[in-house]
Each structure stands twice: as structure tokens, then as C-alpha cells.
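I opened this notebook to record what I looked up about aromatic rings, charges over rings and helix packing.

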Amino acid sequence: MESKLKVSKQLIVSEVDCRLYGSFIEHLGRAVYTGIYQPNHVSSDEDGFRQDVIDLVKELDVPIIRYPGGNFVSGFQWEDSVGDRDLRPKRLDLAWRSIETNEVGLQEFYKWTKKVNTEINMAVNLGTRGINAARNLVEYCNFEGDSYWANLRRAHGQAEPYQIKTWCLGNEMDGPWQIGAKTSEEYGRLAAETAKAMKLVDDSIELVVCGSSNSQMPTFGEWELDVLDHTYEYVDYLSLHQYYGNASNDLAEYLACSLDMDQFITGVVAMCDAIKAKRHSNKQLNLSFDEWNIWYHSNEADQAEKPWQVAPKLLEDHYNFEDALVLGCLLITLLKHADRVKIACLAQLVNVIAPIMTDENGNAWQQTIYFPFAQVSKYGRGQVLKPVVESDTYQTKSFDEVPYIETIAVLNEDELVVFAVNRSAEEVMNFVVSYDDISISELIEFSEISGFDIKAVNTSDKILIKPHASTQITLSSDTLQANLAPLSWNMIRCRLKK
């Protein structure tokens, strides 16, 4: 089987916004408690945070983390999460029917983000609360002057402002599962007025308004257009959420789900631009794909968990080899749309549908999806080059033409980096990349994840599924040719001539 990728430094999609490699920590399951925070663990630091988790998060180089939800935020009273920890109330979290102790709150999470070199993407509660709580939180976090909420922050031990720059206006407000779910008219009006108030406090912040909870929502499209009609001039990003899975155990169909993501993004961009035209606006609205991942393995186990526990084992998907391939395809798709998708948050980061898992009495370890994400996050920085691809295709029940190759190239000052997935389960792919106007001096690395049973998983004791070096590649002055193993994730790094 053969496929070709032609790239040119004259055909640039966009510079990658590093926030494309963001993630998400929600007060859900074991994401926080026994995830990032476990004071009695052997690896924990003086603040109770697990150092083994910190080390793995730092390797992912995640620049922004959405917090504290998710569905959790629609019942969240932010005032519970600041000040003296001994005085903080325990609350019922109705979203996940758990007990929230508030032992880790805004102050503690901010301290953790500094340890892992990331920033907070803060979500405000527009389910059970509204304008006042949101603008007070911005004042508490960001105001430098002499005011009630800024002085309260100082009294809580934080003299300097947190300077949180990215804020989400609620979460999945169209979802009937959401506490305080709203119609598009109700939410659009509330989001617009909340945005205005928040930016009066701090006009440097950027705001993300809720799109549909997923593309299968019955109001998808109508919701976006209605909400944007109210909020277009006050917000900076529209959110997208989508999760994928292989419940039908159809590998060919599952590997094609990135085509669905592509269509979803393209459709939402069109809606944003329609409102721009309707309002005669000069402003371009970009996208925040602030929840995306694979989520289906844990559904049955979640049903068995009893309600009203602290940190129950919820959404603990154990990812296999085929999941790593699919995640690679989804990452490539996000890069293809780097001109409009400026923020994306892999949901989530630790224990809850996550690349990192922890054993409460043992170590932290990497799931299969950790490795493609880590490689793209580290090396997918620079300018995305428009892919011109030739490939054979196959058909599934949902898609007439699925390319056997999913690929993208990123160019920076020092390297040309190519990411590729061979979707074929049987055939080695002769993959040729041509680059007439890019001068390559040498190969730095060709690594692949391949050769595993599609249902194989990593465990705390054995990290089996991870990249390994391949020598099946040759370079010339204007092309490279690599043999991509069947069902493989691949990264090729080439050094540029100076």
C-alpha cells in the first residue's frame, strides 16, 4: 500500500497555539483526591501533592488546564474553596452524587499549577449561580487594587493576583443532565451579561461561551446560532465537546471517528462565520475544543459505584492500543484546524478518562494514550503545513471514504515533524513525504507504536505500549520514504539545514 504527503512552507494552516495541548481537572472521581493530591502517599510533597504525578504531567507539557469542571461547576460555590481549609464546608456534589470536602480548592490548585508549569482555564457556575458570583470571582482572582474581594484574597495569603486569563462561561448548559440547564435564549442572555460584567472587572481576560454538549444534541446548530447571536461581541471562543468510543467493537469504524471530529469543527466554524456576517462584525471568533477524548470503557463499572462517597472510582477507563491509534488521529485533526481551534483540553488528566493513572498505595503510570499526546505536545509546536495527501480509502457504515493514512506536518525553526497513523490492519504502508522547498539535513528520530494486540493495555507494573525506534526510513534532498507498520502511530523528526 502506498500513500503520499506533500508539504510546502508556502502552504501554512496556522501557527500552533500551545493551548491546543491543554487538559482538564474536574472535582470528579479520583482526579483530585488520590489523583493529584494524596498527603499520605510516599511520593507526596510538603503540600500533599503527588510528586510522581507532577513528574508525568510535566512530561506532557500541558500549558493550560480547565478547572474545576465540567458538570461539577454547575453546583460549585467558589467561596467554599478558599480561605482556612479547616473551616471549609463539605458539600453534596449533585453532578456526580459525591461528597466534596473542599480540601483542595482554588488556592491549592493554583499552587499545584505552578509546580507543573501550567495555567488555569477557570470555569464559572452559570447553572445555579450567575453574574454576581462570576464577577466576584474575577475580582478575587485578578484585581490588583483595594477592594473587598481582592483584600479577601490577600487575607487568605495570596498577596499578588492569580492573573487567570482564560474563563469558561458555564459548562454544557444545553444538557438535561446539567444542574440549571437552560434554553439557548436563557443561556445566551445570561452568558452575554455575565461576560460584560466579568470584562468590566478585568478587560484583559478571554471568555469561552458554551456550544452544544456534543454534535448529536437535538438542538445542535440552532443552539450555536442562538447563543452566538447574544454573545458574539462579548466572547472570544465557542466551546466544542465530543467523546468517542468503540462500543460496537468495529475497529475500521472506530479508526474513522476523526472524520467526524473534522466535520464537527468545520460545521461550527461555519456557524461562527455566519453570525459574523449577520452582525457585520470584523471580529473572528475562534474555537475551544475544551472537552475531547475517548470515553466508553468505564460505563458499566460506574453504575456499580455507590453514591455519596469521597473520591469514588468513576470514569476510570483503561485504554488499549486501538485507543492510542484513535487518539493520534484526533490530535492530527485538531492540528489540521489550528487556524481556528486555539484551545483544546484533553478530558481529563489524572484517573478520570485520563492518560495518567495512580495506584493509591503504589505508583503513577502512563496509559497507552499518554504517549501520542506527549509526542505531539512536545514536538507539534510551530507552523502547521497544509497536508496534500494521496491515499487509498476504505468504507465504513458512517463514512464512504476513509483514507488509510491520517497525517500532518509541523515546521519550526529547527525541525520538520511528521505525525501519521496507518489505519490498515493488514498492510505495511509505503509512505512518501515530499518537501521541495524545505531543506532537510538529517533524520533525528523515527518512532512508532505498533505490533500490539489492539485490546492490549498498560498497567502499573508494565508499560508495554509505548514508542520504539524504527529504522525503516530513507531520506533524499526532497523526499523521505518510510515503511509504516500496519495499525501504527508514527512520528518522524527531521533536522533542517541552517
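Before going through the residues I fix one term: a residue is called buried when its relative accessible area is under 20%. I also note that the model is predicted.

**Entry 1, aromatic pairs.** I looked up the ring pairs and found that the count comes to 19 aromatic pairs. I took Trp78 and Tyr140 as one example; their ring centres are 5.1 Å apart and their planes stand at 55°, so I record the pair as tilted. Trp78 lies in the loop between β4 (64-67) and β5 (91-93), while Tyr140 belongs to helix α3 (residues 131-142), so the pair ties together parts that are 62 residues apart in sequence. I then checked the accessibility of both partners: Trp78 is buried, with a relative accessible area of 4%, and Tyr140 is buried as well, with a value of 0%.

I turned next to Phe321 and Phe452, which form an edge-to-face pair with 5.6 Å from centre to centre and 70° between the planes. Phe321 is in helix α10 (residues 321-336) and Phe452 in the loop between β22 (440-449) and β23 (468-469), so this pair ties together parts that are 131 residues apart in sequence. Both Phe321 and Phe452 are buried.

Returning to Trp78 and Tyr140, I noted that ring pairs link them with Tyr110, Tyr148, Trp149 and Tyr162 into a cluster.

**Entry 2, charges over rings.** I looked for charged side chains over ring faces and wrote down two cases. The charged end of Arg66 sits over the ring of Phe24, 4.8 Å from the ring centre, and Lys283 lies over the face of Tyr232, at 5.9 Å from the centre of that ring.

**Entry 3, packing of α10.** I followed α10, the helix that holds Phe321, to its packing with helix α11 (residues 370-379), where the axes are 8 Å apart and the angle is about 25°. That angle makes α10 roughly parallel to α11, and the crossing is right-handed. On the α10 side I listed Ala324, Leu327, Gly328, Leu331 and Leu335, which meet Pro372, Phe373 and Val376 of α11.

I then looked up helix α8 (residues 257-278), whose axis comes within 9 Å of that of α10 and crosses it at roughly 25°. This makes α8 roughly parallel to α10, and I recorded their crossing as right-handed. The contact is made by Cys257, Ser258, Met261, Asp262 and Ile265 of α8 together with Val326, Cys329, Leu330, Thr333 and Leu334 of α10.

Key:
Residues are numbered from 1 along each chain as its sequence is written. This is a predicted model: local features need pLDDT of at least 70, side-chain atom pairs count only at pLDDT 80 or more; totals for chains, interfaces and linings use all residues. Side-chain values use heavy atoms; hydrogens and water are left out. Rings of Phe, Tyr and Trp (its six-membered ring) pair if their centres lie within 6.5 Å; planes under 30 degrees apart count as stacked, over 60 as edge-to-face and the rest as tilted. Helices (H or I, at least four residues) and strands (E, at least two) are DSSP runs, numbered from the N terminus. Buried means under 20% relative accessible area, exposed over 50%, partly exposed in between (1.4 Å probe, protein chains only). A charge sits over a ring if NZ of Lys or CZ of Arg is within 6 Å of the ring centre and within 35 degrees of the ring normal. Axes are lines fitted to C-alpha atoms, for helices over the stretch in contact, and angles run from 0 to 180 degrees between N-to-C directions. Angles under 35 degrees count as roughly parallel, over 145 as roughly antiparallel, 65 to 115 as roughly perpendicular and the rest as oblique. A crossing is left-handed if the near helix is turned anticlockwise from the far one by less than a right angle, and right-handed if clockwise. Contact means heavy atoms within 4.5 Å.
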